[in-house]
Amino acid sequence: MKILGIGNAIIDVICKVDDSFIIENNLTKSTMKLFFDENEFKNLLKNIKIEKTVSGGSVANSIVGISQLGDQVGFIGKVSDDEFGANYEEGLKKENVEYFYSKKKEELPTGTCLILVTPDSERTMCTFLGTAGKINENDVNSSVVKNSEIIFLEGYLWDEGEPKKAFDKAMSNAKKVAMSLSDIFCVDRHKPHFLNLVKNKLDITFANEQEMSSLIEAKNFEEVINFSKQLNKLVVVTRGEKGAVAINGDEVIESNIQKNLKIIDLTGAGDLFAAGYLHGYINKLSTKKCLEKGTEMSSKVIQQIGARL
């Protein structure tokens, strides 16, 4: 196995709705709302027609991207033995991703992200994490981890308690550990823990400039570079319009963005950048080529709807 992803197994349920549906359900267009009440979430699903389902989640999106580039990959993520759980497993298999999880009936249903597309193409998201966020150490197969060249984790999944134990088990059995910091909110919420991971546990860190700056409370990007140099590990930072940079000890390599793109939807840009970079990395391409592959993949995905190519 080249790369094993461990992350939130969330099924994306794509539905077309009118603006009136958004208003009636007190949703704010173009934002993401987290639901904690299962019944409230189920009531939303009752009244709409499902267009399609996609096996999503941040690391899952990256893993599918790596599979599409021809590498052997696997994924661990917790689902329940329900209709969406079956859809999730089937969706990964279709993308040639080996799914290392035996689903059983859980207290909570499979994690779901309802993506409501209005006639103006705007996407409003409603997420119910369900059983995805309840991953524990028993869900992580040590031998699968040991047989992978790299494991790829997501900051979204890190939480005190059971998920942390799952992380620790995976990291202690891994040959190499890569992780995405995922989101500025994750960084701010878990700052001391994430800082410890970046300094002591991770071989490769993926982050955007905002996340990395927040993590070390940097006043400018120079401070991010200097911090990363001292780690003597690989840190890959995306910088929006300024391109991306990879720092490994004293080596600092930059690459530019692709110009004149028709940007339609930014969903999955970071996930697909990581996919391209990791594909280059495991195939021993130069750092510059890895950055370029990441940029190429993210450039493709932002010119279409959804986080999949």
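At the start of helix α2 (residues 38-46), a side-chain oxygen of Asp37 comes to within 2.9 Å of the backbone nitrogen of Asn39. The model is predicted, with local features requiring pLDDT of at least 70 and side-chain atom pairs counted only at pLDDT 80 or more, whereas totals for chains, interfaces and linings use all residues. Residues are numbered from 1 along each chain as its sequence is written, and side-chain values use heavy atoms, with hydrogens and water left out.

Helices (H or I, at least four residues) and strands (E, at least two) are DSSP runs, numbered from the N terminus. In α2 the buried residues (under 20% relative accessible area, 1.4 Å probe, protein chains only) are Phe41, Leu44 and Leu45. Seen down the axis of α2, these residues fall within an arc of 100 degrees, so they line one face of the helix; the arc is that of the directions from the helix axis to the C-beta atoms. The face turned away from this buried side carries Asn39 and Lys46, which are exposed (over 50% relative accessible area). The elements against which the buried residues of α2 pack, by contact (heavy atoms within 4.5 Å), are tabulated here.

| Element | Residues |
|---|---|
| β2 | 10-16 |
| α1 | 19-24 |
| α4 | 83-94 |
| β7 | 111-117 |
| β8 | 123-128 |

Helix α4 includes Leu92, which counts as buried because its relative accessibility is 1%. Leaving aside neighbours within four places in sequence, Leu92 is in contact with Ser55, Val64, Phe75, Val97 and Tyr99. Between Leu92 and Asn61, 31 residues apart in sequence, the C-alpha to C-alpha distance is 9.9 Å.

Notes. Polar contact = N/O pair within 3.5 Å; in protein donor to acceptor, adjacent residues only side chain to side chain.
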